[in-house]
Amino acid sequence: MTDLGQRLRQERESKGLSLEDLQKLTKIQKRYLLGIEEGNYEVMPGKFYVRAFIKQYCEAIGLDTDAIFEEYKSDIPSTQTEDMPQQLSRVRSRKEIPQHTKGVSKAYDYLPTVLVVAGVVVVGIIIWVIAQNIVSDKNKEQANQEAPNSEVQQSNTQEETNETTAKNDNSKSEDEQSAADKKEQEKEKAAKEKAAKEKAEKEKAKKEKAEKEKKDSGKQEYKEVQKTGRSATYALSGTDAFNLEVTSTQADTWLDVKNGKGNAFFSSILKKGETKEFDLTKETEARVNIGYSPGVELKVNGKAVDLPFDSSKQVRQVVTIQYQPAEAQ
């Protein structure tokens, strides 16, 4: 294992990321990530991929790519063009064909004639079958025309009897169906009324929550207390609620949310387009560790707040929020 591979593995494990998690973040196959950590660049599809994969690895775990390339330049191969292997010709001359295949070659010379004869035979069989079917259909038609009129009359009488029976059965079925339909309509009506009631209650609760957040956001203060390295501390006051929303809009990112005692509320991958909400009203402090800050949005009590650092310069950021309820002030 190279010094670079050991450094990368330690940084990954310190964030609680497995190779499977890193594979999801970088879209790089697990065996290539393992090759980078072990310094086994021979498993790569080409040497020109090595630097690109190492760069993506570093960005995913929040390391400064330029600093890593400079510090471990002896461990990272330089980009170079690989010679493509020449393809071997699969064309063989007549002299290279084994002598024992000459007999087979002669047999192939007769193959077109055999195929033509077989085709003529098949066409003849098809024509004969069609002719037999035509003759059979004509005989059946003649027999039907000569059938006695009594059979037709008997058939008509039987059809009338069947229609009468069917009408009686249909009358009974319609009464039964009508009762079943009425019962089903009552069930649907009750279900719709229940759904409408639940929807109204949810909308009322949502409206009350929005009004409370709006009222609190007018009084709340969110101000910077301290900033150093990649970490910053903020103070939240003037409100009786502490609700945090984290949304990733551009790419998957590692997200770790803990309280002041170190208890984790969430510690996993936050997928692109996904939003996580946390009710931290009972907490006095929350620590938010963002592995890939570009495209990540924070909201406190429904109000958007800026990240402490420029995400193009500081990919990984740690935000600590100290909360003091308004009623305690």
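The exercises below work through a predicted model of one protein, each with a solution that goes step by step.

**Exercise 1. Describe the overall make-up of the protein: how many helices and strands are there, and what share of the residues is buried?**

Step 1. Begin with the secondary structure, which comes to eight helices and 10 strands.

Step 2. Turn next to burial, where the cut-off is a relative accessible area under 20%; buried residues make up 27% of the 329 residues in the protein.

Step 3. Then consider the surface, since the accessible area of the protein comes to about 23500 Å², and 49% of that area belongs to carbon and sulfur atoms.

Step 4. Finally, look at how contacts span the sequence: among those between residues at least 6 apart, 66% join residues at least 24 apart.

**Exercise 2. Find the largest nonpolar core and work out which helix gives the most to it.**

Step 1. The largest nonpolar core has 26 residues, and those with the most contacts inside it are L4, L8, M44, I54 and I61.

Step 2. Five helices each supply at least two residues of this core, namely α1 (3-14), α2 (19-26), α3 (30-38), α4 (47-61) and α5 (65-71).

Step 3. The helix that gives the most is α4, with seven residues.

Step 4. To see the contacts of a single member, select L8, which touches I36, Y57, C58, I61 and L63 when residues up to four places away in sequence are not counted.

Step 5. A second core, separate from this one, has 24 residues, including L236, V257, L298 and Y323. As a general background to both, nonpolar side chains in soluble globular proteins tend to be buried together.

**Exercise 3. Examine helix α3: which of its residues are buried, and what covers them?**

Step 1. The buried residues in α3 are Y32, L33, G35, I36 and E37.

Step 2. What covers these buried residues includes α1, α2 and α4.

Step 3. Move on to the residue that follows α3, which is G39, and note that its phi is positive, near 75°.

**Exercise 4. Explain why the salt bridge between E37 and R9 ties together parts of the protein that are apart in sequence.**

Step 1. The side chains of E37 and R9 meet in a salt bridge, with 3.0 Å from N to O.

Step 2. E37 lies in helix α3 whereas R9 lies in helix α1, so the pair ties together parts that are 28 residues apart in sequence.

Step 3. Compare the two partners: E37 counts as buried because its relative accessibility is 0%, while R9, at 24%, counts as partly exposed.

Step 4. Widen the view to the network of salt bridges, in which R9, R12 and E37 are linked.

**Exercise 5. Carry out the corresponding analysis for K30 and E20, and then for K227 and E224.**

Step 1. K30 forms a salt bridge with E20, and the closest N and O atoms are 2.6 Å apart.

Step 2. Because K30 lies in helix α3 and E20 in helix α2, this pair ties together parts that are 10 residues apart in sequence.

Step 3. K30 is partly exposed, with a relative accessible area of 34%, and E20 also counts as partly exposed, at 38%.

Step 4. The side chains of K227 and E224 meet in a salt bridge as well, with 3.5 Å from N to O; K227 is partly exposed at 38%, and E224 counts as partly exposed at 44%.

Key
Residues are numbered from 1 along each chain as its sequence is written. This is a predicted model: local features need pLDDT of at least 70, side-chain atom pairs count only at pLDDT 80 or more; totals for chains, interfaces and linings use all residues. Side-chain values use heavy atoms; hydrogens and water are left out. A nonpolar core is a set of buried Ala, Val, Leu, Ile, Met, Phe, Trp, Tyr and Cys residues joined through side-chain atoms within 4.5 Å. Buried means under 20% relative accessible area, exposed over 50%, partly exposed in between (1.4 Å probe, protein chains only). Helices (H or I, at least four residues) and strands (E, at least two) are DSSP runs, numbered from the N terminus. Contact means heavy atoms within 4.5 Å. Accessible areas come from the Shrake-Rupley method with a 1.4 Å probe; for residues, only the protein chains shown count as cover. A salt bridge is a side-chain nitrogen of Lys or Arg within 4 Å of a carboxyl oxygen of Asp or Glu.
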